[in-house]
Protein chains: 8
Amino acid sequence: MTVAVCMGSDSDYPTMGAAVEILREFDIPHDVRVLSAHRMPHEMIAFGTEAAASGYKVIIAGAGGAAHLPGMLASVTTLPVIGVPVDITALDGMDSLLSIVQMPRGIPVATVAIGGAANAGLLAARILATGDDALAGRLRDYAEELKAEARAKNDRLPRDQQPFGFKNG
Amino acid sequence: MTVAVCMGSDSDYPTMGAAVEILREFDIPHDVRVLSAHRMPHEMIAFGTEAAASGYKVIIAGAGGAAHLPGMLASVTTLPVIGVPVDITALDGMDSLLSIVQMPRGIPVATVAIGGAANAGLLAARILATGDDALAGRLRDYAEELKAEARAKNDRLPRDQQPFGFKNG
Amino acid sequence: MTVAVCMGSDSDYPTMGAAVEILREFDIPHDVRVLSAHRMPHEMIAFGTEAAASGYKVIIAGAGGAAHLPGMLASVTTLPVIGVPVDITALDGMDSLLSIVQMPRGIPVATVAIGGAANAGLLAARILATGDDALAGRLRDYAEELKAEARAKNDRLPRDQQPFGFKNG
Amino acid sequence: MTVAVCMGSDSDYPTMGAAVEILREFDIPHDVRVLSAHRMPHEMIAFGTEAAASGYKVIIAGAGGAAHLPGMLASVTTLPVIGVPVDITALDGMDSLLSIVQMPRGIPVATVAIGGAANAGLLAARILATGDDALAGRLRDYAEELKAEARAKNDRLPRDQQPFGFKNG
Amino acid sequence: MTVAVCMGSDSDYPTMGAAVEILREFDIPHDVRVLSAHRMPHEMIAFGTEAAASGYKVIIAGAGGAAHLPGMLASVTTLPVIGVPVDITALDGMDSLLSIVQMPRGIPVATVAIGGAANAGLLAARILATGDDALAGRLRDYAEELKAEARAKNDRLPRDQQPFGFKNG
Amino acid sequence: MTVAVCMGSDSDYPTMGAAVEILREFDIPHDVRVLSAHRMPHEMIAFGTEAAASGYKVIIAGAGGAAHLPGMLASVTTLPVIGVPVDITALDGMDSLLSIVQMPRGIPVATVAIGGAANAGLLAARILATGDDALAGRLRDYAEELKAEARAKNDRLPRDQQPFGFKNG
Amino acid sequence: MTVAVCMGSDSDYPTMGAAVEILREFDIPHDVRVLSAHRMPHEMIAFGTEAAASGYKVIIAGAGGAAHLPGMLASVTTLPVIGVPVDITALDGMDSLLSIVQMPRGIPVATVAIGGAANAGLLAARILATGDDALAGRLRDYAEELKAEARAKNDRLPRDQQPFGFKNG
Amino acid sequence: MTVAVCMGSDSDYPTMGAAVEILREFDIPHDVRVLSAHRMPHEMIAFGTEAAASGYKVIIAGAGGAAHLPGMLASVTTLPVIGVPVDITALDGMDSLLSIVQMPRGIPVATVAIGGAANAGLLAARILATGDDALAGRLRDYAEELKAEARAKNDRLPRDQQPFGFKNG
C-alpha cells in the first residue's frame with residue numbers, strides 16, 4: 001500500500017470517504033482504517049512508527065474536535081502526513097483546524113481545508129507524482145477536467161430571462 | 001511523587017512554574033519535566049502509561065499551539081489529567097485552549113484558563129483533598145487568604161481625591 | 001451522595017444527562033438538580049457552601065450563555081468542580097466555554113468540551129478513583145471497551161467497492 | 001450613595017477609574033469598592049441583596065476573564081446593573097464581554113464596550129436623569145461639549161502640506 | 001408613552017416582540033415601530049432627537065448585521081438606550097453585538113445578549129423602577145417567580161430510572 | 001457590456017443572482033459568467049487583463065472559502081472590483097470575507113457583506129452614477145422606495161393585542 | 001472637491017492619512033474632516049445628505065469600534081461610500097470591520113481592509129477613472145510601479161550566505 | 001533547483017527565512033524569490049505554470065492578509081504547494097490562514113502553522129524523501145536531534161529551590 005487513510009472514528013467516514021474516492025480514481029494503492037489517537041493510542045503510535053517500514057509513502061489522517069491524530073502520527077514518522085480537519089463539534093471545525101495546523105517547529109502536518117478530504121487525496125497524488133511522471137500526467141489531465149467542468153457550469157448559468165444579450169465567459 | 005507537572009517545552013516554564021509554586025505552597029510532592037508529545041512521543045506515551053503504577057495521583061500538563069500533550073496523556077492513563085493552555089502562538093492561546101478542551105467522548109481533560117497554571121495546581125490540590133482532610137483544611141485557609149487579600153485591595157483603592165465620603169465595601 | 005450534578009435549567013438536561021448516565025454506569029452515588037446561579041442565587045450559594053459538609057466529593061455543573069454556575073460554586077467550596085459548557089445561544093457554546101474556563105487565579109474550574117457532559121462524568125470518576133482502586137480498575141476496563149469499540153468501528157468501514165485489497169488497521 | 005462602582009480586583013481600577021471620573025464630573029454621589037465574585041462570594045451576594053435597601057439606585061460592575069460579578073449582582077438585586085468588560089487575559093476582553101452580555105432571560109445586565117467604563121458612568125447618569133431634570137440638562141451640555149471637541153479636532157487636522165485648498169467640515 | 005421599542009425591520013419582530021411582552025406584563029406604556037437607521041435615516045434622527053421631549057423615558061432598539069440603530073439613537077438623545085443584537089446574518093449575531101456594544105467614549109448603549117429582547121424589556125423596567133417603588137416591587141415579585149419556576153423545573157427533572165435515591169435541590 | 005458579474009462556481013449563483021437582479025432593475029448592461037480563479041486561472045487572468053479594453057466599467061466577483069477571484073481580478077485590472085463573500089464552507093463566510101477584504105496596499109477590492117450580492121449591484125450602480133445623472137436619479141428613487149417599504153413594514157407590525165394605544169413611528 | 005475624506009476622530013488620522021497621500025499623489029481634489037457619527041450626528045447627516053449636491057463624487061469614511069460613520073453616510077447619499085475599518089479597540093479592528101461591511105440590503109459600503117486607507121484612496125481613484133481616461137492611465141502606471149517595486153524587493157532578498165546558486169525570480 | 005521558496009513581499013522574509021535555513025540544513029537545492037500574486041500577477045502565473053518543467057519538485061509559498069499566492073500557484077501547477085500563513089495584519093494571521101487553507105475541492109494547498117516556515121521546509125524534505133532514502137535517513141536523524149534537545153531542555157528546568165527531590169522525565 002502506498003497511502004494510508006486514517007480517521008479517528010467511523011463517524012469521520014462521510015467526510016474522509018472523499019479522499020478514498022480520489023485515490024481510487026488515480027489508481028493509487030491505499031488502505032483505510034479507524035485509528036483513534038485517544039481510544040487506541042498505543043496502536044496509533046505503533047502504526048505510525050512502522051508506517052514507513054511497512055511501505056507507505058504518505059499518510060492521510062482526519063479527525064474532529066481536539067484532533068490529535070495527524071500531529072501524533074507526524075511525530076512518530078518522517079513520512080509526509082496530510083491532516084484533514086473534520087467538522088463534528090459545535091465550533092464548525094475551527095477547533096479541529098487549529099488542533100491540526102498549529103503544530104510546533106519540527107513536526108509539520110500538511111493541513112487542508114475543513115472537510116477537505118478530496119484535496120487530501122489530491123495532495124497525496126501531487127506528492128507521489130514528484131517521483132512518478134505518469135501520475136503527474138494524470139494530475140494534468142485532472143486539472144483539464146476541472147477546467148472543462150467550470151466552463152460547462154458557465155454554460156448552464158440561468159440567463160434566458162435577462163433583457164440584454166449575455167455572452168459566455 | 002503525587003503530582004507530575006509536564007510541559008511540552010522549557011519555553012512553557014514561565015507559565016507552568018505557577019503550578020509548581022502552588023504545589024510547593026501546599027506541600028504536595030511533585031516533580032516537573034519537559035515531556036514533548038511531538039518531540040518525545042514514545043517517552044511521552046511510556047510515561048503516561050506507567051504514571052499510575054509509578055504512584056502519581058494527578059498529572060498537570062501544559063502546552064501551546066496544537067497542544068496534544070494533555071489529551072495524549074489522558075488517553076494512556078486513567079489518572080485525572082489537568083490541561084493548561086499556554087499562549088505561545090499568534091492566536092492568543094485560543095488554538096491551545098481548543099486543542100486541549102475539545103476532547104472526544106471517553107477521554108476527559110480537566111482544562112483551566114489560558115495561562116492558568118496556578119489554578120491547575122489548585123485543582124490538583126482540590127482533587128487530592130477529596131481523600132485528605134488536612135489538605136482540604138489548607139484549601140479552606142487558602143480561600144480565607146484570598147478573601148483577606150481582596151479586602152486589602154479594597155482598602156488600598158484610590159479614594160482621596162474624591163469629593164464625597166467613600167465607604168469601604 | 002458522592003457527586004452532585006447541577007444545571008442552570010432543565011433545558012440543559014439533554015446535554016447534562018450524559019453525565020448522569022456515566023455516573024450510573026460506574027455505580028457512583030449521585031443526585032441531580034436544577035440550580036440556577038441567576039434565578040436561585042441564594043440557594044445556589046447555600047448549596048455550594050454546604051456541599052462538602054453534606055458529603056459530596058465532586059460537583060459537576062453545566063450551564064450555557066454567560067455561564068456562571070460552575071465558577072460560583074467553585075468560589076464557595078473547596079471541592080473539585082467540573083464545568084460543562086452547554087450550547088444554547090447563537091454563539092455555538094463559545095460564550096459558555098469562555099465564561100467557565102477563563103476563571104481568575106485562585107478559583108479553578110475543571111472544564112470539559114462544549115456539550116462534553118459524558119466526559120464530566122468520567123472526570124468525576126477519575127478524580128474519585130485517586131482514592132478508590134476498584135473504581136480505577138473499572139476505568140481501565142472502560143478504556144479497554146473504548147479501544148474494542150474503535151476496533152469494531154474499523155472493521156465496519158465501507159471497503160467492498162474498492163479495487164485493491166484493504167487490510168484492517 | 002446613589003451609584004456603587006464595584007470591581008473584581010484592584011487591577012481593574014486603571015479601567016474602572018474612568019467611571020468614577022464621570023460620576024464625579026456629574027456630581028453623582030457614589031462609592032467604589034473591590035468586590036470579587038470569586039474571592040468574596042458571600043460578601044458580594046450580601047452587598048447586592050441589600051444594595052437597593054442601602055439606597056443605591058444603580059450598580060456599575062467591572063470584571064475581566066470569566067467575569068461573573070455583574071451578572072451575579074444583577075441576580076440578587078432589581079436595580080439596574082451596568083457591566084464593564086475588562087481586558088485582562090490573553091483573549092482581548094472577548095471572554096469578559098461574552099461572560100457579561102450573554103445573560104439568560106430574566107436577568108439583564110446593561111453591558112458597555114470592552115474597557116468602556118466612562119460610558120458606564122454616563123449610562124448611570126442617563127438612567128438617573130430619567131427622574132432628574134437637572135441631570136438631564138447636564139447630559140445635554142455634555143453632548144454639546146463632545147460636539148465642540150469633535151469640531152476642534154477637525155480644526156487641528158494636518159492640512160498645511162496639501163496642494164489644494166481644504167475646507168473644514 | 002414611556003418606552004419606545006424600535007427595530008430596524010419587521011423581520012426583527014420575532015426577536016423584539018419579547019421586549020413588548022415584558023413591557024405589557026409590567027404595564028409599562030410603550031409603543032413599537034420600525035425605524036431603520038439605514039432606510040429612514042432622517043426620520044430616525046428626528047425621532048431620536050425629539051424622543052425626550054415627546055415624553056419617552058427609555059428607548060429599546062434592536063437591529064442585526066451592521067446594527068447602527070441603537071448607537072445612532074443614543075447619539076441624538078440623552079435618554080438611556082438599550083440595544084438588542086439580532087441574529088439575522090451568517091455570523092450568528094456577532095456582527096450585530098459588536099456593532100452595538102463597542103460604542104466610543106461619550107455615547108453609551110446598554111447592550112443585552114444576542115436575541116435578548118426580553119431582558120431589554122426587563123432592563124427598561126429596572127431603569128424606570130429607580131423612580132417608581134411600585135414597579136420595583138413588581139420586579140421583586142418577578143424575581144420570586146423566576147425562582148419558583150426554576151424550582152419547578154428541578155422537580156420535573158427525569159429521575160425515575162435511576163438506581164439510587166435522588167433528592168431535590 | 002458595462003458590468004461583468006463573475007463567480008467562482010455555479011453554486012454561487014443563488015447568492016450572486018441578487019446582483020444580476022439589481023443590475024437588470026437599473027437597466028445596466030451586464031453579463032454573467034463562471035470564472036474560477038482556481039479551475040480556470042489562465043482564462044481568469046486573461047479576462048481581467050482585457051476587461052477594461054473590452055468596455056467593462058465595473059467588475060462584480062463573488063467567491064466562497066479561500067476566495068481569490070475578486071483580489072486576483074483587481075490585480076490585473078484598474079477597474080473597480082466589487083467582492084462578494086459567499087457563505088459555502090463550515091466557517092459561515094468568515095473565511096471568504098477575510099480572503100476578500102484583507103487585500104494588501106496597492107490592490108483594493110470593494111467588499112460588501114457576506115452574501116451581499118444585491119449591495120454589490122447597488123454599489124456598481126453608485127459607481128456608474130458618478131458619471132451618469134439619470135442613473136443617480138434612479139438611485140435616489142430607489143432610496144425613496146426603500147424608505148416607503150420601511151414605513152409600510154412599520155404599519156404592518158402586530159399591535160392589536162396590546163393594551164395601550166400604539167402610534168405609528 | 002471630488003473626494004471627501006471623513007473620519008470619526010483625529011485619532012484615526014494616523015491611519016486615514018494614507019488615503020490623503022494617495023489622493024494627493026493622483027492629483028485628485030479632496031478635503032479631509034473629522035465628522036463623528038456619534039458626537040456630531042446632525043452635522044454628519046447634513047454633510048452626507050448634501051454631499052452630492054456639493055459636488056463630491058466619492059466619500060471615504062474611516063472609523064473604529066462600533067463604526068457607524070460609513071454606513072450612515074451611505075444611508076443619506078447615493079454617492080459611492082468607501083469604508084475603512086480602523087483598529088482602535090481591544091478587538092484588533094474586527095468590531096470595526098463587521099460594523100462597516102455587514103450592511104443590510106439596500107445600502108452598500110465599499111469596505112477595504114482593516115487599516116487599509118491607502119487602498120481606499122486607490123479605490124476612489126479607480127471609481128473616478130471609470131469616467132476619466134487620464135486617471136485610468138495613471139492607475140496603470142501605478143500598477144507598473146508596484147510591479148517594479150516588487151521586482152526590486154526580489155533583488156534585495158538576502159541570498160549571499162547560501163551554499164548554492166540562487167537565481168532571481 | 002528542487003524547491004522554490006516564494007513570498008509575497010520582502011517583509012515576509014523574517015518569517016520565510018526559516019524555510020530557507022531548513023532547506024540549507026538538509027542540502028536541498030532551492031532558490032528564493034519575491035513573487036507577489038497581486039503586484040506581479042502575470043509573472044506569478046507564468047512562474048507557476050512553468051515550475052514543473054523548470055525542474056522544481058516542490059513550491060513553498062508564504063503570504064499574509066488576503067494571501068492568494070499559495071492557492072494561485074497551486075492552481076497553475078500540479079506540483080505540491082506548501083502554504084505558510086504570515087502574520088502581518090491586525091488579525092494575528094487568522095486572515096492569512098483561512099485564505100490559504102480553505103481552498104476549494106480540486107486545488108490543494110499543504111498548509112502549515114501561522115509563521116510555520118521552518119515546518120514548510122521540513123514538509124518539503126518529507127515530500128522529497130518519499131523518493132530519496134538518504135534524505136529520509138537525515139529526517140530520522142533530525143527527529144533524534146529534536147528528541148535530544150527536548151531531553152536537554154528537561155535537564156535545564158529550574159529545580160534547585162524546590163523542597164523535594166525532582167527526578168528527570
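Visitor: Where is D:D27 found in chain D?

Guide: In this predicted model, D:D27 is in the loop between helix 1 (13–25) and strand 2 (30–34) of chain D.

Visitor: And what's its phi?

Guide: About 55 degrees, so to speak on the positive side, although D:D27 is not a glycine. Most residues other than glycine have a negative phi.

Visitor: Hopping over to chain A, which loop holds A:D92?

Guide: A:D92 lies in the one between strand 4 (81–86) and helix 4 (94–101) of chain A. Phi of A:D92 is positive too, near 65 degrees, in a residue other than glycine.

Visitor: Is A:D92 buried or exposed?

Guide: Buried: its relative accessibility is 18%, and the cut-off for buried is under 20%.

Visitor: OK, zooming out. How many helices and strands in chain A?

Guide: There are 6 helices and 5 strands. Going from the N terminus, the order is β-α-β-α-β-α-β-α-β-α-α.

Visitor: What does the C-alpha trace of chain A span?

Guide: Along its principal axes, about 65 × 40 × 30 Å. Chain A has 169 residues, and 69% of them count as buried.

Visitor: What about contacts in chain A, how much comes from residues 24 or more positions apart?

Guide: Such pairs make up 65% of the contacts with a separation of 6 or more.

Visitor: And the accessible surface of chain A, how much belongs to carbon and sulfur atoms?

Guide: 48% of it, out of a total of about 5,100 Å².

Visitor: How far apart are the mean positions of the positive and negative charges in chain A?

Guide: They sit 7 Å apart, with 14 positive and 19 negative charges in chain A.

Visitor: New topic. What turn lays chain A on chain F?

Guide: A turn of 90 degrees, with a shift of 0.0 Å along the axis and an RMSD of 0.0 Å. The two copies are therefore related as by a four-fold rotation axis.

Visitor: How much of chain A's set of contact residues recurs in chain F?

Guide: Just the figure of 4%, with the copies using different surfaces.

Visitor: Now chains E and D: how many residues does the contact take from each?

Guide: It takes 38 residues from chain E and 38 residues from chain D. Between them the two chains bury about 3,200 Å², with 60% of that on carbon and sulfur atoms.

Visitor: Which residues of chain E lose the most area to chain D?

Guide: E:T78, E:P108 and E:R126, which together account for 23% of what the chain E side buries.

Terms used: Residues are numbered from 1 along each chain as its sequence is written. Chains are lettered from A and ligands numbered from 1 in the order in which they are written. This is a predicted model: local features need pLDDT of at least 70, side-chain atom pairs count only at pLDDT 80 or more; totals for chains, interfaces and linings use all residues. Side-chain values use heavy atoms; hydrogens and water are left out. Helices (H or I, at least four residues) and strands (E, at least two) are DSSP runs, numbered from the N terminus. Buried means under 20% relative accessible area, exposed over 50%, partly exposed in between (1.4 Å probe, protein chains only). Contact means heavy atoms within 4.5 Å. Accessible areas come from the Shrake-Rupley method with a 1.4 Å probe; for residues, only the protein chains shown count as cover. Lys and Arg count as positive and Asp and Glu as negative; His and the chain ends are not counted. The place of a charge is taken as NZ of Lys, CZ of Arg, CG of Asp or CD of Glu. Copies are superposed by least squares on the C-alpha atoms of residues with pLDDT of at least 70 in both. Buried area is the accessible area (1.4 Å probe) that two parts lose on being put together, summed over both.
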